[in-house]
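Got the viewer open? Then let's take a walk through this chain, one selection at a time.

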Amino acid sequence: MRITASTVSLTVEDVAASHSFFTEHLGYQEQAAAEGFASLTRDDAAVDIVLLRRGIDVLPPDQRDRHADGLILAFTVTGLEAEEKRLRSEGVDITMPLREEPWGERLFQVTDPNGVVVQFVEWTTPDHA
């Protein structure tokens, strides 16, 4: 097997709200869209995102009522502080402020209108290393 791309599919209540959040604030572009569906991509290493409206009949019956919950969509980025400042200036609610973990992970989180948690990470060398 050779994986040629990665996509995460998120089941949400309001596809348009998540679509707007990811395109307006996180630089995604629409690849395709239809009623209750949107496929988003970026031209870098970010995972592609498919948004499906909860209850949509393209999903198997046992998956139609699931929510994008308990999932953290994490992006390793450069310029973490600048991204946090940019998102804050655009009115995005920073739901976990910028912090640094003892193992060298610097991170902050935002949450889209459907509750999808997006975490931005930048790795450093821990002080004790």
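What follows is a tour from the whole fold down to a single side chain.

**Stop 1: the whole chain**

Start with everything shown as cartoon, and keep in mind that this is a predicted model. You should be able to pick out two helices and eight strands. Colour from the N terminus onwards and the elements come up as β-α-β-β-β-β-α-β-β-β. Turn the C-alpha trace along its principal axes and the chain spans about 50 × 40 × 25 Å.

If you colour by accessibility, 41% of the 129 residues come out as buried. Now for contacts along the sequence: taking those between residues at least 6 apart, 47% join residues at least 24 apart.

**Stop 2: the sheet with β1 to β4**

Select β1, β2, β3 and β4. In what order do the strands of this open sheet lie? Reading across, it goes β1-β4-β3-β2, and the pairing is mixed. β1 (7–12) and β2 (29–34) are the edge strands with a single partner each, so one side of each has no neighbour in the sheet. Look along the sheet and the twist from one strand to the next averages 15 degrees.

Next, zoom in on β2 and β3. These two pair in the antiparallel sense over five bridges. Show Ala 33 and you'll find it opposite Ala 38 in β3. The two strands make a hairpin with two residues between them, and in that hairpin Gly 36 takes a positive phi near 80 degrees.

Stay on β3 (residues 37–41) and swing round to β4 (residues 48–53). Here, too, the pairing is antiparallel, this time over four bridges. This hairpin has six residues between its strands. Two bridge pairs are worth labelling: Phe 37 with Leu 52 in β4, and Ala 38 with Leu 51 in β4. Ala 38, then, has Ala 33 opposite it as well as Leu 51 as its bridge partner in β4.

Is β3 mostly covered or mostly open? Mostly covered, with four of its five residues buried.

**Stop 3: the sheet with β5 to β8**

Hide those strands and select β5, β6, β7 and β8 instead. This is an open sheet of four strands as well, in the order β5-β8-β7-β6 and with mixed pairing. β5 and β6 (94–100) stand at the edges, each pairing on one side only. The twist averages 15 degrees from one strand to the next.

Pull up β6 with strand β7 (residues 105–111). They run antiparallel and share four bridges. To find your bearings there, show Glu 100, which stands opposite Arg 106 in β7.

Now bring the helices back. α1 packs on the sheet and touches β5, β7 and β8 (117–123). Its direction makes about 30 degrees with that of β8. α2 lies across β6, β7 and β8, and runs at about 20 degrees to β7.

**Stop 4: Phe 120**

Select Phe 120, which you'll find in strand β8. Why does Phe 120 count as buried? Its relative accessibility is 5%, and the cut-off for buried is under 20%.

Show what surrounds Phe 120. Beyond its neighbours within four places in sequence, its contacts include Leu 26, Phe 75, Val 77, Leu 80 and Leu 87. Arg 106, Leu 107, Phe 108 and Val 110 are also in contact with Phe 120. You have met Arg 106 already, as the residue in β7 opposite Glu 100.

For a quick distance check, pick the C-alpha atoms of Phe 120 and Gly 70. The two residues are 50 apart in sequence and 16 Å apart in space.

**Stop 5: the largest pocket**

Switch to a surface. Rolling a probe the size of a water molecule over the atoms shows where empty space is left. The largest pocket has a volume of about 280 Å³.

How many residues line the largest pocket? The lining has 15 residues, and Arg 42, Asp 44, Ala 46, Phe 75 and Val 77 lie nearest the pocket's centre. Which elements give two or more residues to this lining? They are α1 (15–26), β5 (72–76) and α2 (80–89). Colour the lining by residue type and you get seven nonpolar, four polar and four charged.

Finish with Phe 75 and Val 77 highlighted: these two lie among the residues nearest the pocket's centre, and both are in contact with Phe 120.

Key
Residues numbered from 1 in each chain as written. Predicted model: local features only at pLDDT ≥ 70, side-chain atom pairs only at ≥ 80, totals over all residues. Heavy atoms only, no water. 1 Å grid on protein atoms, 1.4 Å probe; cavity = no way out; pocket = protein on both sides within 12 Å on 5 of 7 lines; lining within 4 Å. Points joined across faces, edges and corners; volume = space filled by probe spheres on them. Nonpolar A, V, L, I, M, F, W, Y, C, P; charged D, E, K, R; others polar. Pairing = 2+ DSSP bridges. Axes fitted to C-alpha atoms, helices over the stretch in contact; angles between N-to-C directions. Buried < 20%, exposed > 50% of the residue type's maximum accessible area, 1.4 Å probe, protein only. Contact = heavy atoms within 4.5 Å.
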